[in-house]
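Have your viewer open and a selection prompt ready. We will go from stop to stop, and at each one I will say what to select and what is there.

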Amino acid sequence: MNLSGARSLRARVTLLATGLVALVSVLLLWLTWNLVGDAVSAVPQLPPGTTVRVDGVDVDASAVTEHLRVYARNRVLLFGALAFCFVVLAAGILAWTFTARVLQPLREITGTARRLSIESMGERIGEVRTKDELAELAETFDDMLDRLQAAFDAQRHFVANASHELRTPLAVIRTELDVTLADEQADEAELRRMAAVVRDATERAERLVGSLLLLARTDGAGLVAREPVDLAVIVASAWRAARPDAEKRGLRVEFATPGAPTFGDPALLERIAGNLLENAVRHNVDGGWLDVVTQAGPQWSVLRVRSSGGLLDPAAVPELFEPFRRAGVARTARTGAGLGLSIVRAAVQAHGGTVSAEPVVGGGLSVTVHLPALP
């Protein structure tokens, strides 16, 4: 609602109030006019032919009675019309004035909404003087702005980080191409080295784009497929991809994975287990350890992945679930985009579950996923 809309509403309310007052006043005036006429008619009549002296003149009594009736009605009509005009005018003025006060919070809401933009999302209506539905509307509007501002801030942060992450491999590719093209004596070995660097940078950009697409698919979206899934089977399948890197780094791996049935999208559930295992291997230390546990319960099926690694600040652990957040010396720009746990959280929430993390004493991270158990 813009300013003209608020004025139109003010005019409509004023006209409605004035019209109601005018209607009631007309009814009261008509009722008074009839009551006065009936009261004069109820005066006792003198016998026919009776005369009365008025100002020294003999006048027939019936004529005097009729004159009094007409006079009384005319006086009522005159003063009633004057009162009617005064009451209607006063009602219009009062309605216009008080409507302005009543609609003041609405004008504040309208003005704030008109001034808002992505750059000025911090502006709020604040507490209004009235404690009625308009105050509730203003509070609801401010709450909505808080949620919108949080969403815009998260979006800007996400886009900035995504742009930064994509710029790095693109910069590597361009640098290698420029250096190689500038070298007129570049031989086959140099070209092969350049091609290998470009291929690695391209694969990194491809993985990042794939992770962004997967995060966009899972974050706030519903499940594409719903079927019974055993977490133990999912972990075994995901481990096949992470095992070569674990063996290369000499990790001691222990599995305690009895059957833990759940219900959901097998592809997303495997991505949950795969991201947790890949993170545990990638951010581990050479010769470290890795524990994977599954548990079945009456309400929740649990997947827990614990691993050694660098020391983590407990206060910073929840931030690891935000996009492009890394913690620890091992989480460098060359070991991932920082989207693994973000995808895990989005996928778990899409299944109606919860995920939490805590640092391991001595260094490392423990991530626990709770998913609804199969009924």
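How many residues does the hairpin use to join E6 to E7? Select both strands and trace the connection: the hairpin passes from E6 to E7 through 3 residues. Keep in mind as you look that this is a predicted model.

**Stop 1: the strands around E6**

Keep E6 (residues 289-296) on screen and colour E7, which covers residues 300-307. These two strands run antiparallel, and 7 bridges join them. For one of the rungs, pick Leu290 and look across to E7, where its bridge partner is Ser307.

Now add E4, residues 252-256. E4 pairs with E6 as well, but here the sense is parallel, over 5 bridges. To find a rung on this side, select Phe255 and Val292; the latter is the bridge partner of Phe255 in E6. So E6 has an antiparallel pairing with E7 and a parallel one with E4. If you show side chains, a general point may help: in a regular strand they alternate between the two faces of the sheet.

**Stop 2: Glu176**

Next, select residues 133-182, which form helix H4, and find Glu176 within that helix. Is Glu176 buried or exposed? Glu176 has a relative accessible area of 15%, and because the cut-off for buried is under 20%, it counts as buried.

Show the side chain of Arg193 too: the side chains of Glu176 and Arg193 make a polar contact at 2.8 Å. To complete the view, display Met194, Val197 and Val198, which Glu176 also touches along with Arg193, leaving aside residues up to four places away in sequence.

**Stop 3: two annotated spans**

Select residues 12-33 and then 76-98; an unreviewed UniProt entry lists both under "transmembrane region". In the model, residues 12-33 are 100% helix, with 31 Å between the end C-alpha atoms. Residues 76-98 are also 100% helix, and their end C-alpha atoms lie 31 Å apart.

**Last stop: the whole protein**

Zoom out and switch to a cartoon. You should find 8 helices and 9 strands. Of the 375 residues, 33% count as buried. Turn on a surface and you are looking at about 22500 Å² of exposed area, 61% of it supplied by carbon and sulfur atoms. If you draw a contact map, consider the contacts with a separation of 6 or more: residues 24 or more positions apart account for 71% of them.

Key
Residues are numbered from 1 along each chain as its sequence is written. This is a predicted model: local features need pLDDT of at least 70, side-chain atom pairs count only at pLDDT 80 or more; totals for chains, interfaces and linings use all residues. Side-chain values use heavy atoms; hydrogens and water are left out. UniProt positions are given in the numbering used here, feature names are shortened, and annotations may be inferred rather than shown by experiment. Helices (H or I, at least four residues) and strands (E, at least two) are DSSP runs, numbered from the N terminus. Buried means under 20% relative accessible area, exposed over 50%, partly exposed in between (1.4 Å probe, protein chains only). A polar contact is a pair of N or O atoms within 3.5 Å; within protein, one must be able to donate a hydrogen and the other to accept it, and residues adjacent in sequence count only if both atoms are side-chain atoms. Contact means heavy atoms within 4.5 Å. Two strands pair if DSSP finds at least two bridges between them. Accessible areas come from the Shrake-Rupley method with a 1.4 Å probe; for residues, only the protein chains shown count as cover.
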